[in-house]
Amino acid sequence: MDRNTANSRKDLSPPRFTILLVSAMALSYEILLMRLFSIVQYHHFAYMVISLALLGYGASGTFLVFFRQQFLRRFPVVLIGNILLFGITVVACYLGGQHLLFNPDEIFWNNRQWLKLFALYLLLALPFFFAANCIALAFSRFRQRISAIYAADLFGAGLGSIFIIGLLFIFFPQKLLLLLGSFIFSIAMVAWLELRLQPRWQALLFIGAAAVLFLLPSAWTDLAISPYKGLSQQMRINGSRIAEQKSSPLALLTVVENNLVPFRYAPGLSLAAQSEPPAQVGIFMDGDSMNVITRFPDDVSRLAYLDKLTSALPYHLKQAMDILILGAGAGSDILQALYYKTVDIAAVELNPQVVQLVRNRPEFSGNLLDRENVRVLIGEARSFVSGSSKNFDLIQLPMLNTFSSTAAGLYALNENYLYTVEALQEYMQHLAPAGYLGMSRWIKLPPRDTLKLFATALEALERLGTQDSGNHLVMIRSWQSAFLLVKKAPFSPEEINRVKEFCQERLFDLVYYPGMRRQEANRFNILRQPYFYDGAVSLLGKEAGSFMKRYKFNIKPSTDDRPYFSNFFKWRTLPEIFRLKGQGGMVLLESGYLILVLTLFQAIAASLLLILLPVIARPYAQVSEAGWNRPRIVAYFFAIGLGFLFLEIAYIQKFILYLGHPLYAAAAVLAIFLVFAGMGSQYGQAKRVHIKWPVAVILGLGIVDLIAVNLLFDALNWLPVPVKIFSAILILGPLAFCMGMPFPLALTEVGTDAPDLIPWAWAVNGCASVIAAVLATLLAIHFGFTAVVLGSLTLYGLAAAIFPGRYKLKGGRNTTG
């Protein structure tokens, strides 16, 4: 029987398993790209590229508007062809993109980078374009079974988010790229069999094609890490060599040794220090954030440099018996606590592989993490604190990011729940009556991080009902870092004198202490003005709100609803920065935020083009005026595209605090939303549900979740991750179940009124999803996650109002609603 004839039979079932696998690989590839670009570039750039690359879904719908009929006549061949092209481009387009030598750090002053960026968008959009073609073609070919296909699409995407996380524990990201490509080739075999193509044995040829990918030279898949990241700069130093690498969904860890030019990493080290650190081994996370394993010497006096760090201040005020370190890293702060003979040291570290790297070097590290008075706990810092019943003499938050990346504003879009008002409140509640909270930050000029941290601490103290909050704060600085010390009780005169002596001996500058005079600031590491002191005093004054509003950077305290501590951008400062472009002013630019805004503009422009092109090219396409006409299709599918992603992204970001890491939160929330939405899609089709019922439940559950989620987080944050994921299913599952109904219910009716516009509706929904991914983050930065959720609920209400006033009964008859 001819292949095409065999598949034109009326009883041919939709290739749901094929669609499930294609969708799973598309979502897996999306998450893998985020990991790859987080390593070779930065987190914010990964977000930008992936958002625009997903326009491949919108482009697919627009493309099929013009070629739908031709492709449907050869559906099996076209479907398998798109699967194969998906597999090829997954590998080829990423490798090609690496060799474009695009540098986002030059994008605001080198116009050639814009051309490279555009080329990168096109390359990375191609795999998603071919994957989306498979799904959109299936919608058009089996338009009476749209809910079943959509359910397979969502189930696959949900499973893909879990699948890729598991693989990232086993494989390095660059090797996983080849594995995904080979998996996608194997899907072509599944499609051949599911579509009953003959001869069946030829399906095995796709397995052979999949194996070819592993013959590529290994040098082709090596990661081309940005030359501006710490690892690249370190490897330029003579004698540097990579000793070991470990990978997981949390980070790519690279261990670097150098016997010719030794590491000398001691953030906050005084310029008056006369001793240097012992030998060190560097650990770079995702090619940038560096920590070090320091050799534990036979003679402890060789650790005297630890006494010359800004973080040594609390040890000079009181003998700490019990301390908690939130972010153990490779153990530098544990080493400092041991130097000061601390009785009990608890240290929390999120990444178990970092701990393993230290423990694998027992002779070098002196079994630092396995000493009798040291307890290392694997977990998220906030979760540990909330679940602990113990009070500590000192809680330390070490330096977490590299100076260069922080100075460039590259963490502006990173959600950071360690430095929110609620986080500081929780830390203070776990201090002993006279305990201290110590926090280190890199210095920026003009001051940003330090003043924002100072303002956040003040807000936390005030929320705890503290009187005269300024009496509980001390801040000092070195030439490159600052240290803020918060005391649960007011600082005593004796402690203030010790602070002065500590700074005098080490040539540190006083920034603030209760009763400090302006002339005491800015004595050693001299600036044109005592900017830090002036800022601290202004934040303590009655006009603090006015000062923060006038200040050229955003230094308002971050909260759990807006956890963007490193976002300092203000629009009114931008013209001044560009006027200083030729005088080095671009270093003041918070590039992470600006790139997000540019991404939004690009997404809107591209989406308008993709949505309007079919209207311009085919203005006379037959549509129903009473039912699904073009304006209604645009309004409805754009609303639910924005609404679905708004809710999904808001909960991903909120669950970062609960689950402890962005990638875990993304994988868990995506899996719950997509799997339960797939179940809802099947249910809605089977029961012929009217749109008003799922939307009513979405609105009700959305409001309940807004009220209950934060309370549940506070109550359950101490639980182990598996239990938290189960609770997340209970919280999000019913909401996601209902969110799976509006899209297939409407698309099925579009298939009745205007079947030629099914791909266009798919394009509109895809473009809305891309815009939503960027817009949701911008709204969260300015208004908080609560506003994003409320915006989503409003959009769902709007979609219900737009939906035609009819629904289909089981007998196939239309009825007005």
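This section describes the domain division, two helix pairs and one β-sheet of a predicted model.

The chain is divided into three parts, with domain 1 spanning residues 1-225, domain 2 spanning 291-566 and domain 3 spanning 635-817. A distance of 45 Å separates the C-alpha centres of domain 1 and domain 2.

Two packed helices are described by the angle between their axes and the distance between the axes. Helix α5 comprises residues 75-98 and helix α8 residues 173-194; their axes come within 8 Å and cross at roughly 175 degrees. Angles over 145 degrees count as roughly antiparallel, and α5 and α8 are therefore roughly antiparallel to each other. On the α5 side, the contact is made by I80, I83, L84, F86, G87, I88, V90, V91, Y94 and L95. These residues meet L177, L178, G181, I184, F185, I187, A188, A191 and W192 of α8. By class, the contact of α5 with α8 contains 17 nonpolar and two polar residues, and no charged ones.

A second helix pair is formed by α17 (residues 449-463) and α19 (residues 531-540), whose axes come within 10 Å and cross at roughly 25 degrees. This angle makes α17 roughly parallel to α19. The crossing of α17 and α19 is right-handed. In α17, the residues T450, L451, F454, A455 and L458 are in contact with F532, G535, A536, L539 and L540 of α19. The contact of α17 with α19 has eight nonpolar residues and two polar residues, while charged residues are absent from it.

The β-structure considered here is an open sheet of eight strands with mixed pairing, arranged in the order β7-β6-β5-β8-β9-β11-β10-β12. Strands β7 (374-378) and β12 (509-512) occupy the edges, where each has a single partner strand, so one side of each is left without a neighbour in the sheet. From one strand to the next, the twist averages 20 degrees. Within the sheet order, β8 is followed by β9; strand β8 (residues 392-397) pairs with strand β9 (residues 431-442) in the parallel sense over five bridges. L397 stands opposite M439 in β9. Helix α12 (residues 352-359) packs on the sheet, where α12 touches β6 (344-349) and the edge strand β7. The direction of α12 makes about 145 degrees with that of β7.

Key:
Residues numbered from 1 in each chain as written. Predicted model: local features only at pLDDT ≥ 70, side-chain atom pairs only at ≥ 80, totals over all residues. Heavy atoms only, no water. Axes fitted to C-alpha atoms, helices over the stretch in contact; angles between N-to-C directions. Helix = DSSP H or I, 4+ residues; strand = E, 2+ residues; numbered from the N terminus. Parallel < 35°, antiparallel > 145°, perpendicular 65-115°, else oblique. Contact = heavy atoms within 4.5 Å. Nonpolar A, V, L, I, M, F, W, Y, C, P; charged D, E, K, R; others polar. Left-handed = near helix turned anticlockwise from the far one by under 90°. Domains from an automatic or database assignment. Pairing = 2+ DSSP bridges.
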